[in-house]
Amino acid sequence: MAAETLILIGVGNMLGDVLDCAEASGRSVTTIVTNMPEVTRPRTKSLRERLAELGASPRVVPLEDFTPTPEAECFLVPTTPDRAALVNHLVALHPTIRFATLVHPRAIVARSARLGSGVFVGAGSVVASCVELHAHAFVNRAASIGHDSIVRSFARIQPAAAIGGHVTVGVGATVGLGARVIEELEIGAGAVIAAGAVVIRDVPPRVLMAGVPAVPKKRLE
């Protein structure tokens, strides 16, 4: 029964997908922990609206009032690369905190793949043989990761992105929606591959790449 308890930390536009994955995996989300004041935009929904639409009713508590129970696992909802700071803050406050790994039942993950704590693999994604997904890597819906590739901590692979075999995606890097990365390349830490880009050469750290083929557009601070 303990393995069924899940606490979500932070709120973002992936909340619905995370709740869906948790439910499909037989996990019970009991609590959502908010780590900052809620900001809504004209085309987004508030947390209250999201939960009502999804038919979910977990308790919502601010981070300063949160203490994880020994039997619970936690999962980070925000996918922005700076969520590493949130993990460090949580571990400093609660050294025994445990992070869940969520894999949607409709994802295909090879038995030889290795998944770290806090990893997310969304519905329809394919993770091939001998892939490594390091802690808190986020593989969104219908993404594909080729054999022997490594996705390092806090990197995110956006919906329908495709990564060839023997690719390394650096810490906190982003491969955008529908982007393509050919085999045997390295994407540097903090780099961003724009939506629809086709990457055919190594990418330096903290550079925005866009286009077909992808070229550097600017240096990221």
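The questions and answers below concern a predicted model.

Q: In what order do the 6 strands of the open sheet run?
A: The sheet is open, and its strands pair in the parallel sense. Two strands, β6 (108-109) and β21 (198-199), pair on one side only and are the edge strands. From one edge to the other, the order is β6-β9-β12-β15-β18-β21.

Q: Which residue in β9 is the bridge partner of Val109?
A: Val109 falls in the edge strand β6, which covers 108-109. β6 pairs with β9 (residues 126-127) in the parallel sense, over 2 bridges. The bridge partner of Val109 in β9 is Val127.

Q: Which residues lie nearest the centre of the largest pocket?
A: The largest pocket holds about 760 Å³ of space. Two helices, α2 (47-54) and α3 (83-93), each supply at least two residues of its lining. Of the 27 lining residues, those nearest the centre are Val11, Gly12, Asn13, Met36 and Val39.

Q: How many residues in the lining of the largest pocket are charged?
A: The lining of the largest pocket has 27 residues. Of these, 9 are nonpolar and 11 are polar. The charged residues number 7.

Q: Which element supplies the largest share of the lining of the second largest pocket?
A: The second largest pocket has a volume of about 180 Å³. Its lining includes Leu19, Asp20 and Glu23, as well as Arg27, Ser28 and Val29. Both α1 (15-24) and β2 (28-34) supply at least two lining residues. The largest share, 3 residues, comes from α1.

Q: How many nonpolar residues are in the lining of the second largest pocket?
A: Among the residues that line the second largest pocket are Leu54, Gly55, Ala56, Ser57 and Pro58. The lining contains 3 polar and 3 charged residues. The nonpolar count is 5.

Q: With the side chain of which residue does the side chain of Thr79 make a polar contact?
A: Thr79 sits in the loop between β4 (73-76) and α3. Leaving aside residues up to four places away in sequence, Thr79 touches three residues, namely Met14, Phe138 and Arg156. A side-chain to side-chain polar contact at 3.4 Å links Thr79 to Arg156.

Q: Why does Thr79 count as buried or exposed?
A: The relative accessibility of Thr79 is 11%. Buried means under 20% relative accessible area. Thr79 is below that cut-off, so Thr79 counts as buried.

Q: Is His136 buried or exposed?
A: His136 is found in the loop between β10 (132-133) and β11 (138-139). Its phi is positive, about 65 degrees, although His136 is not a glycine. The relative accessible area of His136 is 7%, and the cut-off for a buried residue is under 20%. His136 is therefore buried.

Q: What is the relative accessible area of His166?
A: His166 lies in the loop between β15 (162-163) and β16 (168-169). Although not a glycine, His166 has a positive phi of about 60 degrees. His166 counts as partly exposed, and its relative accessible area is 41%.

Q: What is the omega of the cis peptide bond that joins Val212 and Pro213?
A: Pro213 is placed in the loop between β22 (207-210) and β23 (215-219). The peptide bond between Val212 and Pro213 is cis, with an omega of about -5 degrees.

Terms used
Residues are numbered from 1 along each chain as its sequence is written. This is a predicted model: local features need pLDDT of at least 70, side-chain atom pairs count only at pLDDT 80 or more; totals for chains, interfaces and linings use all residues. Side-chain values use heavy atoms; hydrogens and water are left out. Two strands pair if DSSP finds at least two bridges between them. Helices (H or I, at least four residues) and strands (E, at least two) are DSSP runs, numbered from the N terminus. On a 1 Å grid over the protein atoms alone, a cavity is a set of points where a 1.4 Å probe fits but cannot get out, and a pocket is an open set with protein on both sides within 12 Å along at least five of seven lines; lining residues have an atom within 4 Å of a point. Grid points are joined across faces, edges and corners, and a volume is the space filled by probe spheres set on the points. Ala, Val, Leu, Ile, Met, Phe, Trp, Tyr, Cys and Pro count as nonpolar, Asp, Glu, Lys and Arg as charged, and the others, Gly among them, as polar. Buried means under 20% relative accessible area, exposed over 50%, partly exposed in between (1.4 Å probe, protein chains only). A polar contact is a pair of N or O atoms within 3.5 Å; within protein, one must be able to donate a hydrogen and the other to accept it, and residues adjacent in sequence count only if both atoms are side-chain atoms. Contact means heavy atoms within 4.5 Å.
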